[in-house]
Every structure is written in structure tokens, then in C-alpha cells.
Amino acid sequence: MKVRESDIYVFSGTGNTLTIAKKISEVFNAVGIKAGVHRIEAVEPAEINLNSTVGIGTTVACWNTYPMVKKWIKSLPKADGTEVFLFDTMGDSSLRMLASIGKELEKKGYKIIGSKDFVMPNNFLLVESEEKKQKKLNKTIPLVEEFASSIISEKADIVKGGLIYSLFFAFTSFLVNTWRWKLSQKIFGFKVDKKLCIKCGLCAQICPKNNISIKEFPVFNGMCEICLRCVSFCPAKAISSRLLYKNRTHRGVMTEEIKWRNSI
Ligand SMILES: Cc1cc2nc3c(=O)[nH]c(=O)nc-3n(C[C@H](O)[C@H](O)[C@H](O)COP(=O)(O)O)c2cc1C
Ligand code: SF4
Ligand code: SF4
């Protein structure tokens, strides 16, 4: 069926996936297809618009995605053929997690019309130089435009899985879930440097899990899913973690964009 309007629901820890979602909506809008971008963390699954072409985008985390996104997808209402396209962003490899997410949606009555992984700057461990990041973006953005156009022309490719990938997805689902254990949080260890912190409260404001409370200084509670948003966007670089090789962080968008809560 031709795309007439689209609603794109996106989770993005540090802005890469948001950049892709906005690019897709730009391509749609340019040919007169009204496309809105909504944050997964701000939309109740039951409230999604089943009458439009739905886009779902998320970050690859441990060859899987964040439990909050999986929970959101699991809670989506049953559909009667609503068309969905899927996309993710990754540093280098997703091991076809979109195939497993697609299968889950098909069981609920959605029809997958396209899915694609996009390579974007790595936001942890091997955070690249600005030059390398730009090179990745220059390669990826035309592919996003191509993908969006292929959705419009009903010729988009779909990521295919198989038994091995499904088993791997089940295994990585288990791993990702362990991040919410208190022990894991200790291992990843986010720490606020009280000498650097300017007590602006931004980290608490932008955490998608509401995991940070501000006492005198920010305090991390036990619900972190390691999206790295707080670490990356802290204006004082006051939050550190063992996950950050050489203390490098990545911002895929401007701070104002990551603060955005509503739809655009
Ligand atoms: C905790 C964590 C785990 C990650 N795991 C993977 C991975 O398994 N494969 C990969 O290619 N990139 C991985 N990445 C990198 C991100 O997928 C990549 O940088 C992505 O574009 C970030 O998107 P975002 O800014 O929208 O959150 C991981 C990042 C984080 C923070
Ligand atoms: S964002 Fe950084 S500077 Fe602001 S309160 Fe949080 S840790 Fe402190
Ligand atoms: S505490 Fe930081 S890394 Fe953890 S979920 Fe919140 S914003 Fe993301």
C-alpha cells in the first residue's frame, strides 16, 4: 500500500538514531507525505497511530536493544495489517536484531515493509575522532535517503534472520536485561565528580528512565539501561563511567534536540 502519512517512533540514547529518524521524515515530507517523529519514551504504546505507516527506530546495544524499547514494542496493540518499517543505528554490527523484532511485530498483526541497520559513530568504548565520525555520516546519510525512498516506492529490503540469529537474540536479551541489576550498575559505575558538577540538573531532566535524582548532587538509582545520554550531554563532563575508553563521549545531536520531549 502507498505510504500516505507516517508516524516514526524513535529511541535514541545519544542522538544518532534521532538523526536518522529526522532524515527519513524529511524525505517523506519533501514528497508530500506527512511524517511526524515521536519519542518512544514519551508515547504510550496503546496510543500509536495504527492508521498511518509506522516507523520504529532504536539504538543497537549489545547486538540487541534497550529493555525499555523492547517493553514498549511488546506492549504495542494488536494490529490488522498496519505497515511498519524498522531501522536501527549501530557502531558496526547488530547481528540482524531487526529480524527478531520484525518477527515479534508480525505475530501481533503488523506487516513489515522494510528494515535496515545504519552504521553511525560509536557512542561508547571506541568513540572515534570527529573526522572519522564525519566520514561515517557522509556514507550513511545517502543510504538513509535511499531507504526512505525505497519505502515510498514499496521496494525496501527487509533484514532476514534465521534460527541462529533468533537464538543469539534470546541470549543477548538476557544479557541486556542484566544491566538493570544493581551489580551491573556497580560494574559500569557512573560517578559524578563533585568538583566539576555545576548542579544544572540536565542529567536528571534528560534521563529516559528517570533514574537520576538531584539531592545536592545527582544520584543514580538502580534503573539505568546504559544509554549514555547523561554522560554524553553533561555540560561539565562531570559524569564518568568505566564504559568510557579514554573518557571519550559522543553527542549525535545538539543538547537542545536531546532535551526535546514531544513530537515534531
Ligand atoms: C551499551 C551500549 C552497547 C552497544 N552495543 C553495540 C553493539 O552491540 N553493536 C554495535 O554495532 N554498536 C553498539 N553500540 C554503539 C551504538 O549502537 C551506536 O553508537 C548507536 O549509533 C548509538 O545510537 P544513539 O545515539 O541513537 O543511542 C553500543 C552502545 C552502547 C551505549
Ligand atoms: S548534567 Fe552534569 S553538571 Fe549538570 S547536574 Fe548533571 S552531573 Fe552535574
Ligand atoms: S542514568 Fe544515564 S545512562 Fe542510565 S538510563 Fe539514565 S541517561 Fe541513560
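1. Before looking at helix 1, a word on the yardstick: the expected span of a helix is 1.5 Å times one less than its number of residues. Keep in mind, too, that this is a predicted model. Helix 1 covers residues 16-30, so its 15 residues should span 21 Å, and the C-alpha atoms at its ends are indeed 21 Å apart. The helix passes that check, since the two values agree.

2. Staying with helix 1, its buried residues are Asn16, Thr17, Leu18, Thr19, Ile20, Ala21, Ile24, Ser25 and Phe28. For reading that list, recall that an α-helix has 3.6 residues a turn, so residues three or four places apart point the same way. Just past the helix comes Gly32, with a positive phi near 85°.

3. Two of those helix 1 residues turn up again around Ser6, which sits in strand 1 (residues 5-10). Ser6 counts as buried because it has 24 C-beta neighbours inside 10 Å, and 20 would be enough. Leaving out residues up to four places away in sequence, Ser6 touches Phe28, Ile33, Ala35, Ser52, Thr53 and Gly55. Ser25 lies 19 residues from Ser6 in sequence, with 8.1 Å between their C-alpha atoms.

4. On the overall layout: the protein chain is split into domain 1 (5-171) and domain 2 (182-259). Their centres, taken over C-alpha atoms, are 25 Å apart. Domain 1 puts 17 residues into the contact and domain 2 puts in 19. On the domain 1 side, helix 1 and helix 2 (67-74) are the elements that give two or more residues, and helix 1 has the largest share, with three. By class, that side of domain 1 has ten nonpolar, six polar and one charged residues.

5. What lies between the domains? The largest nonpolar core has 65 residues, and Val10, Val84, Cys230, Cys234 and Ile239 touch the most other members. Both domain 1 and domain 2 give residues to this core, so it lies between them. As general background, nonpolar side chains tend to be buried together in soluble globular proteins. Cys234 is worth a click: beyond its neighbours within four places in sequence, it is in contact with Leu202, Cys203 and Ile239.

6. Now the ligands. Ligand 1 is surrounded by 24 residues, and the closest are Ser12, Gly13, Asn16, Thr17 and Met90. Helix 1 and strand 4 (83-90) are the elements that give two or more residues to this shell. The shell divides into ten nonpolar, 13 polar and one charged residues. Domain 1 and domain 2 each supply at least three residues to the shell around ligand 1.

7. Ligand 2 has 14 residues around it, with Cys197, Cys200, Leu202, Cys203 and Cys234 coming nearest. The shell around ligand 2 has twelve nonpolar, one polar and one charged residues. For ligand 3 there are 13 residues, and the nearest are Cys207, Cys224, Cys227, Arg229 and Cys230. Its classes come out as nine nonpolar, one polar and three charged. Two cysteines link these shells back to the core: Cys234 and Cys230 are among the core members that touch the most others.

8. Helix 3 (residues 97-107) has Met97, Leu98, Ala99, Ser100, Ile101, Gly102 and Leu105 as its buried residues. These pack against helix 2, strand 4, strand 5 (111-119) and helix 5 (163-178). Take Leu98, which has 28 other C-beta atoms within 10 Å and is therefore buried. Setting aside neighbours within four places in sequence, Leu98 is in contact with Leu86, Asp88, Ser115, Asp117 and Val159. Val60 is 38 residues away in sequence, yet the C-alpha atoms of Leu98 and Val60 are 9.6 Å apart. Helix 3 is followed by Gly109, whose phi is positive, near 100°.

9. Last, two backbone spots I'd look at. Most residues other than glycine have a negative phi. Arg96, which is not a glycine, has a positive phi of about 60°. Arg96 is in the loop between strand 4 and helix 3, and counts as buried because it has 21 C-beta neighbours inside 10 Å. Ile226, also not a glycine, has a positive phi of about 60° as well. Its place is in the loop between strand 8 (218-220) and helix 8 (229-233). With 20 C-beta neighbours inside 10 Å, Ile226 counts as buried.

Notes: Residues numbered from 1 in each chain as written. Chains lettered and ligands numbered in written order. Predicted model: local features only at pLDDT ≥ 70, side-chain atom pairs only at ≥ 80, totals over all residues. Near = placed C-beta within 6 Å. Nonpolar A, V, L, I, M, F, W, Y, C, P; charged D, E, K, R; others polar. Helix = DSSP H or I, 4+ residues; strand = E, 2+ residues; numbered from the N terminus. Buried ≥ 20, exposed ≤ 12 C-beta atoms within 10 Å, placed from the backbone. Domains from an automatic or database assignment. Contact = placed C-beta atoms within 7 Å. Core = buried A, V, L, I, M, F, W, Y, C linked by C-beta atoms within 7 Å.
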